[in-house]
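Thanks, everyone. Let's get the model up on the screen and walk through it.

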Amino acid sequence: MDVQALATVTPLLGWAIHGSLLTRRLSSARRDPLTGLHTRAGWTVRAERLIRRHRTAAVLLVDLDRFKDLNDTHGHAAGDAALVEVAARLRVWCDRNGVAGRLGGDEFVVVVRNLSAEDTAALTADLHQPLPYRGTSLPLAASVGVCRMADLPIPRLTDALSAADAAMYADKGHGRRGSQISR
């Protein structure tokens, strides 16, 4: 290769490598390092796109119940294992019909194209299955709040998150397992 061609190609190659590294960093910044789920920013972009395309979409907020007790009793490594397992269960449950994210701590968020009562019941049952961990069984439980976009006067993600949050805390207030659907 001649010197002039090399002088032309070298900066272009440098920019291509730089662009690739930047893309990889942005992608990892939008993923939770523990669970691999989308962070709030990464999830929001996907959720808004799904909501625009599917009028039957629903937003779910999931909060682990008694997570502090699990950490205090079994240690933070067990708590991390529980978070990773819940993330995996949400990812499988969403499959190709939606996307899950981790908001932080023990709070997760999901958006799906459509949702039946049976789907919600199946998710809730799955989230209450114990987790085998180092020769013991970790109890898992979660409160789930649901907001169907069709139930909102204006289908905005922020309003759906607020409604799902209220439904989730109403579920926690009942002191029972299961889900509360906002209307």
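Which side chain does the side chain of Ser143 make a polar contact with? Keep in mind that this is a predicted model. The partner is Asp65, and the two side chains come to 2.8 Å. Ser143 sits in strand β6. Ser143 is also buried, at 2% relative accessible area. So here we have a buried serine with a side-chain polar contact to Asp65.

Now the nonpolar side of things. The largest nonpolar core holds 29 residues. The residues with the most contacts inside this core are Leu60, Leu90, Trp93, Phe108, Val110, Val112 and Leu127. Who contributes? Two or more residues each come from β1, 58–64; α3, 67–74; α4, 76–94; β3, 107–112; α5, 117–127; β4, 131–133; and β6, 142–148. Helix α4 gives the largest share, eight residues.

Take Leu90 for a moment. Set aside its neighbours within four places in sequence. Leu90 is then in contact with Val62, Ala100, Phe108, Val110, Leu123 and Leu127. There is another core, apart from the largest one, and it has 19 residues. Among them are Leu61, Val99, Ala164 and Met168.

Next, helix α3. Which residues of α3 are buried? Phe67, Leu70 and Asn71. They lie on the same side of α3, because they cover an arc of only 95° around the axis. That buried set packs against β1, α4 and β5, the last being 136–138. Look at the face turned away from the buried side. There α3 carries the exposed residues Lys68, Asp72 and Thr73. After α3 comes Gly75, with a positive phi near 100°.

Last stop, the cysteines. Cys94 is buried, at 1% relative accessible area. Cys147 is buried too, with a relative accessible area of 1%. How many disulfides does the count come to? Zero. The cut-off behind that count is sulfur atoms within 2.5 Å. So burial of Cys94 and of Cys147 goes with a disulfide count of zero.

To recap. Ser143 is buried and its side chain contacts that of Asp65. The largest nonpolar core draws its largest share from α4. And α3 has its buried residues on the same side, with Lys68, Asp72 and Thr73 exposed on the face turned away. Over to you for questions.

How values were computed. Residues numbered from 1 in each chain as written. Predicted model: local features only at pLDDT ≥ 70, side-chain atom pairs only at ≥ 80, totals over all residues. Heavy atoms only, no water. Buried < 20%, exposed > 50% of the residue type's maximum accessible area, 1.4 Å probe, protein only. Core = buried A, V, L, I, M, F, W, Y, C linked by side-chain atoms within 4.5 Å. Helix = DSSP H or I, 4+ residues; strand = E, 2+ residues; numbered from the N terminus. Contact = heavy atoms within 4.5 Å. Polar contact = N/O pair within 3.5 Å; in protein donor to acceptor, adjacent residues only side chain to side chain. Arc of directions from axis to C-beta.
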